[in-house]
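Open your viewer and keep the selection panel handy. We will go from one selection to the next and say what each one shows.

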Amino acid sequence: MVHSPGHVEKAVGVDELIAGNERVRARRRSSRRKTSAQRPKQGFFRTLVQVFGELLITCGVILLLFVVWELWWTNIEANTAQQAAVSQFAKDFQGPVTPPAADTPSDYGQPIVMAEPTDPSTVFGVVYIPRFGASYSRPLVEGVQQAQLDTLGLGRYDSSTMPGGIGNFAVAGHRQTHGAVLDAIHTLVPGDKIYVQTKDGYYTYVFRNNQIVMPNRGDVLLPVPTQADATPTERFMTMTSCNPRFGAEERLIAYSLMESWQPASAGPPAAIAEQVAANSRG
Amino acid sequence: MYGWIFRHLPGPLWLRIITAIVFVAVAVLALMQFVFPWLSQFNPLTDSTIGGGV
């Protein structure tokens, strides 16, 4: 490009540029003030529609936030609370955390069944389910109200027996949200072990089968599940959770039978010994 | 509505932006701490008990 001689005369110095910018800025400032002072008067109906629309958008955002809170944040809160409860239980627990030697006799006679806790929300045990992960250990709490299930994990139906008792030891747990303690309940395979630890010892239950029922089927909690008139002779464990995973139209029930037990003084079963020791370290 | 509130916040633009962010943060925190836990009891989708929770 060839510059015309006139171009040089039109060139602007730095000082003039700065001064010009200042002038433009001042003009912009004053014009902005003017517009904010003299905003065009908006009709009442238009304002009404605008406010209504903004409120609707706000409602939508709050609902989305609620979903985020329910599906994500409740898990973080509940996992923290449950971790603390398990650590506290392990601190109070009296007994070795090393498994008994392989050659010791494994028959410890009739299991000790602890007395039912008097206060709801008492953490009286820990449940280990290796199928749900090697480190899976969740507190066992008295009661199945929201106060218990929403923070402390697996709640015991207070109409059921205690761990190790003849009859049905029944617990409920969330499938999703609030720690999602029984999220993987559908992955249990017959023969899977479920270990329940109380201050008295370790109760080993073996998963037998599951069943999907409607939410009103309270008979799954009977001493012999679903059999109203039967006299219990065996030690059942029943876990109830939501089904499908993100809904609650049905309940997924997992039945187990007690296989063995060992007192706290004998130490934990070998399969969970590592996790029991890890919990007692805090 | 939000535009009106924003225009009526005191101070220069940067301060009004900060104030608005603080307002939103307080609102979200209040929802998460108090409103949602209360609302949660009416959510039937998280009920994992059977027979009305005996």
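Which residues in the largest nonpolar core touch the most other members? Keep in mind that this is a predicted model, then select Val127(A), Leu140(A), Ile194(A), Val196(A), Met237(A) and Ala254(A), which hold that place among the 47 residues of the core. Next, colour strand β8 of chain A, residues 250-263. This strand gives the most to the core, with 6 residues.

Stay with one of those core residues, Val196(A), and ask for its contacts. Once neighbours within four places in sequence are set aside, Val196(A) is in contact with Gly125(A), Val127(A), Leu140(A), Pro163(A), Tyr203(A) and Tyr205(A). Two names on that contact list, Val127(A) and Leu140(A), also appear among the core residues that touch the most other members.

Now zoom out to the whole of chain A and switch to a cartoon view. You should find 5 helices and 8 strands, and walking along the sequence gives the order α-α-α-β-β-α-β-β-β-β-β-β-α. Chain A has 282 residues, and 34% of them count as buried. If you plot a contact map, look away from the diagonal: of the contacts between residues at least 6 apart in sequence, 65% join residues at least 24 apart.

Try colouring chain A by domain. Domain 1 covers 12-37 and domain 2 covers 73-281. Put a marker at the centre of each, taken over C-alpha atoms, and the markers will be 74 Å apart.

Next stop: the contact between the chains. Select 34 residues from chain A and 20 residues from chain B to show both sides. On the side of chain A, α3 (44-92), α4 (146-152) and β7 (235-243) each supply at least two residues. The largest share comes from α3(A), with 9 residues. Colour that side by residue type and you will get 15 nonpolar, 14 polar and 5 charged.

Finally, move to chain B and select helix α2, residues 13-40. Is α2(B) largely buried or in the open? Of its 28 residues, the number buried is 1, so α2(B) lies largely in the open. Measure from its first C-alpha to its last and you get 38 Å, close to the 40 Å expected at 1.5 Å a residue. Before you leave, centre on Leu31(B), where α2(B) bends by about 40 degrees.

Definitions and conventions: Residues numbered from 1 in each chain as written. Chains lettered and ligands numbered in written order. Predicted model: local features only at pLDDT ≥ 70, side-chain atom pairs only at ≥ 80, totals over all residues. Contact = placed C-beta atoms within 7 Å. Helix = DSSP H or I, 4+ residues; strand = E, 2+ residues; numbered from the N terminus. Nonpolar A, V, L, I, M, F, W, Y, C, P; charged D, E, K, R; others polar. Buried ≥ 20, exposed ≤ 12 C-beta atoms within 10 Å, placed from the backbone. Expected span 1.5 Å × (residues − 1). Bend = angle between axes of the 7 residues up to and from the residue. Domains from an automatic or database assignment. Core = buried A, V, L, I, M, F, W, Y, C linked by C-beta atoms within 7 Å.
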